[in-house]
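Got your viewer open? Let's take a walk through this model, one selection at a time.

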Amino acid sequence: MLLLGCIKEVSHYELTISLPNGLSGFVPVTQISDAYSNLLTKQVAQGEVLEELNSLPDLFSPGTLVRCIVTSIEKSDDGRRSVKLSIDPKKVNKGLNSTALAAGMLLSGSVLSVEDHGYLIDIGVTGTHAFLPHQKAKNYIKAAKKGPDLKIGQSLNCLVVEVKNEGRVVCLSIDRSEVAASIATERQNWALSNLLPGLVVKARVQKVAPLGLKLTFLSYFTGIVDFMHMDPEKSMSYSPDQVVKACVLSVHPTSRAVRLTLRPPFLHAGGAPRQLPGQRMGAVLEEATMKAFYKQFGAIFELDDGTLAFARLKHLSKTRKSFKSGAFKEGCKHKCRIIDYSLMDEMCIVSLKNQIIEARFLQYQDIHTGDVVQGKVLSLKPIGMQVKVADGIRGLVPSLHLSDVILKQPEKKFNIGDEVKCRVLECNPGGKKLILTLKKSLVQSKLPVLSNYEDAKPGLITHGFVVCAREFGCIVKFYNDVKGLVPKNELGSEPISCPDKVFYEGQVLKVMVLKCEPQQERLLLSFRLSSKPGPEDKWKRTPKEKQEMKYQIGEIVDVKILKKKDNGLEVSILEDEDNVVAWIPMLHLSDFAATSKLLWHCLQEGDVLPRVMYLSDKGEHIILSRKSAVISAIQEEQVVRSFSEIQPGMLLTGYVRNVMPFGVFVEFPFGVTGLAPKVSMSDKFVTDTKDHFVVGQTVIAKVMSIDEEKQRVLLNLKVSECSSGDSAAESFGLLNQYFKELKEIRDLLKRGEPSICELVPGKRVHLVVQDVREDGSALFSGSSVTGLTVTATRYHLGDKNIARGEKRKALILHVDALTSEVFVSLREELLKQRP
């Protein structure tokens, strides 16, 4: 079957052709012409690139009309049909012979060779030599902008200018104005056996039907124009005997049916149909208006910009059974998505199916490097695994990327039909090339995606995979084939003599960019993620910096209090010849906020505090901490030293840095901070965050998630989530520490306020009523409580009425050393209990 088609896509191995009625076909690289196939064979035999052999993208451009012949229709495993075509003039023009050639004929040709005065053209007619003079080609070459000459294998729309020696020699022209003006006439003696698509004819309307028109042309030919190929602006105004200009679309060899088009761009030979703006492809339209419904084919819709679109019958509903014809009446509005564009019909192809409207990917252009996609295993081959990402979109997972480690027998892990989660390593929509990875470390990575050299800024930390380990270092690859070198001295903190024994091909590692030269595509990397200065940098530091470098985080020192300030203690580190001054914030005196204030209250200048830990050197002072839980965590190495070490699920000891209405910020040793959102703060419902936590409080937090791009950590502070297993032992350990610190405070209090140390909850004392307040509570005095405020609330006075001056026996409930307040009870049921 002969068809007129329009080139839709050009790759190195095939042309994708748009055919009438929304169909597509493919022209393999071997079906261009005999001359081109000969060059391909020669190149393969010689094993080197031939200068005269141009690639298909150099020869063909999308949007060009070409004559094709169907060579085969192949059926794939999933039932889809693929139409294979040829544009070889020998096959397209097989109905022509040298005696049938006449001046004014328009036919397909292909450049055979370049001569001094022009070109020899293959028009597929045996015994005929076709010549194209330079004069008749120069305007075409100038407009095509494909170089100074025509190239071997280039397809041309040729007009026969002159026929000599009974058709053995013909002279051709490809001048665009001459070709566009050509019209097939009866004088050219066209027969049904050699009638060619692309011929423009004058035709007469014979019959007007709902699905199209019947035409007569070239005296005795009849043809059909279907509803998709009538001029949209005149579709309702055709009448019998009307003379119209038409273009032949297809000729069927057995039924001899000829189809034509009345669409304006085809009415000049060599014309180009309108293209769809790139941004419209894949667009979802909320309201497309139904224009016409054809029960055997589908429906025509008018889109928001006034253009027409076609939906095939199978795209009008999910299944044939769910199709309701009542929903498809003229004027009805439907939601649809543009899934394709038929160049030959100048019409969008749309779908009303929900799964297509909501689909994430429709074409390769929708997929971007770094995207995480779901796919279905199609096949396993030695080079890797083929994965179906969506209809018409397939990707390859190279064998190196099937897992974090190299799989010797991937067929034991994967089965055809399995769902897999992949990440896009490389996507080339033009070449329909999609490379994927199944390495969990890359799929789950939250670090930035490095897909071009311009983004490789010094200091950037990201994931890459080793492609080569040699004595000079490692070559690491990222996305879009971006790669860089990790030199030997940057492989680790310790020297590595044999990198090939430490690192393996395909290994995923975190790397830091040291230097990048985008123009040269050169990238210098490091596996040492810490930005701490090396030993060679120490001599550059100032005396003050040297002084502060003496202590490492976690180091235990003894200190002497120099000065008490409102928010902490200024101390000097003992046994330090430089008399280094440090700072203990009040909140770091204890794990417990209340105890911290009490300790600060009891301590005096000159006191020595043993076993205080070096925490950081932010600001002007070295910061020290006395929080026992934090000290234990560092000593037991249950800490993270940098953001890159954090993993979800970790339990970390830290302290509340800030309490906000939306959550709590927690700081950990070594400077890492995280946020516990309101919903993850407590097992109870949180109304006000300040009711649950105070600044400085020591907490155990569980890491929920990390955002490496924004350097954020999300935490959980719920008690039910933050236990390491033995919650009873943890609780008793905390209580023991609390009472130990209380005993320490009591010993300190004995120095300045001995009387308050004697007063413990549960002790009975004799008091005198000093005053009865308006709210019913009472104040007391006594020899054992001199200088203290002693109070009993109305409830704790019991049922008895009391008067000023009365002596009463009372039980101590609570002693607040900070405010020098003592709370007592006079209730009989408490006083009767045994001490």
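Start by selecting lysine 388, which is partly exposed at 31% relative accessibility. Keep in mind as you look around that this is a predicted model. Now add aspartate 391: the two form a salt bridge, and their closest N and O atoms are 3.2 Å apart. Aspartate 391 is partly exposed as well, with a relative accessible area of 49%.

**More salt bridges**

That pair belongs to a bigger set, since the structure holds 26 salt bridges. For another one, select lysine 515 and glutamate 517, whose side chains meet at 3.8 Å, N to O. Lysine 515 has a relative accessible area of 47% and is partly exposed. Glutamate 517 counts as partly exposed too, at 22%.

Next, pick lysine 565 and glutamate 570. Here the closest N and O atoms of the salt bridge are 3.3 Å apart. Which of these two partners is buried? Glutamate 570 is, with a relative accessible area of 15%, whereas lysine 565 is partly exposed at 35%.

Before you leave the charged side chains, select Asp34, Lys90 and Asp122 together, and you'll see a network of salt bridges linking them.

**Into the cores**

Time to go inside. In soluble globular proteins, nonpolar side chains tend to be buried together. The largest nonpolar core in this model has 59 residues, and Ile121, Leu150 and Leu215 are the ones that touch the most other members. Zoom in on isoleucine 121 and show what surrounds it. Leaving out residues up to four places away in sequence, isoleucine 121 touches Gly109, Ser110, Val111, Leu112, Ala130, Leu132, Leu156, Cys158 and Leu172.

There is another core, apart from that one, with 44 residues. To find it, select some of its members, including Ile573, Met586, Leu749 and Val824.

**Two stops on strands**

Move to strand β16, which covers residues 284–294, and click on tyrosine 294. Is tyrosine 294 buried or exposed? At 15% relative accessibility, it counts as buried. Now bring up proline 210: it sits 84 residues away along the chain, yet the C-alpha atoms of the two are separated by 9.4 Å. Proline 210 is also one of the contacts of tyrosine 294, together with Leu211, Phe227, Ile300 and Leu313, once neighbours within four places in sequence are set aside.

The second strand is β38, residues 673–677, where you'll find alanine 676. Alanine 676 is buried, with a relative accessible area of 0%. What does alanine 676 touch, not counting residues up to four places away in sequence? The list is Phe662, Gly663, Val664, Met681, Leu715 and Leu717. If you'd like a distance to check, try alanine 676 to phenylalanine 665: they are 11 residues apart in sequence and 6.4 Å apart in space, C-alpha to C-alpha.

**Along the helices**

Select residues 628–635 to light up helix α11, and colour its buried residues: Ser628, Val630, Ile631, Ala633 and Ile634. After α11 comes glutamate 637, which has a positive phi, near 60 degrees.

Then go on to helix α12, residues 727–752, which contains phenylalanine 739. Switch on the surface here, and look for the nonpolar patch of about 430 Å² that Phe739 makes with Phe732, Leu735 and Tyr738.

Leucine 748 is in helix α12 too, and leucine 748 is buried, at 16% relative accessible area. Its contacts, leaving aside neighbours within four places in sequence, are Leu599, Cys602, Leu603 and Asp607. For a long view, draw a line from leucine 748 to histidine 229: the two are 519 residues apart in sequence and 100 Å apart in space, C-alpha to C-alpha.

**Last stop: the cysteines**

A disulfide is a covalent bond between the sulfur atoms of two cysteines. How many disulfides does a search of the whole structure find? It finds zero. Why is cysteine 332 not bonded to cysteine 336? Select both: the sulfur of cysteine 336 is the closest cysteine sulfur to that of cysteine 332, but it is 14 Å away, so it is too far for a bond. Cysteine 498 is in no disulfide either, with its nearest cysteine sulfur, in cysteine 474, lying 12 Å away. As for how open they are, cysteine 332 is partly exposed at 24% relative accessibility, and cysteine 498 is partly exposed at 32%.

Note on methods. Residues numbered from 1 in each chain as written. Predicted model: local features only at pLDDT ≥ 70, side-chain atom pairs only at ≥ 80, totals over all residues. Heavy atoms only, no water. Disulfide = S-S within 2.5 Å. Buried < 20%, exposed > 50% of the residue type's maximum accessible area, 1.4 Å probe, protein only. Core = buried A, V, L, I, M, F, W, Y, C linked by side-chain atoms within 4.5 Å. Contact = heavy atoms within 4.5 Å. Helix = DSSP H or I, 4+ residues; strand = E, 2+ residues; numbered from the N terminus. Patch = residues over 30% accessible without salt bridge, like charges linked within 9 Å, V, L, I, M, F, W, Y side chains within 5 Å. Areas by Shrake-Rupley, 256 points an atom, 1.4 Å probe, with all protein chains shown as cover. Salt bridge = Lys/Arg side-chain N within 4 Å of Asp/Glu carboxyl O.
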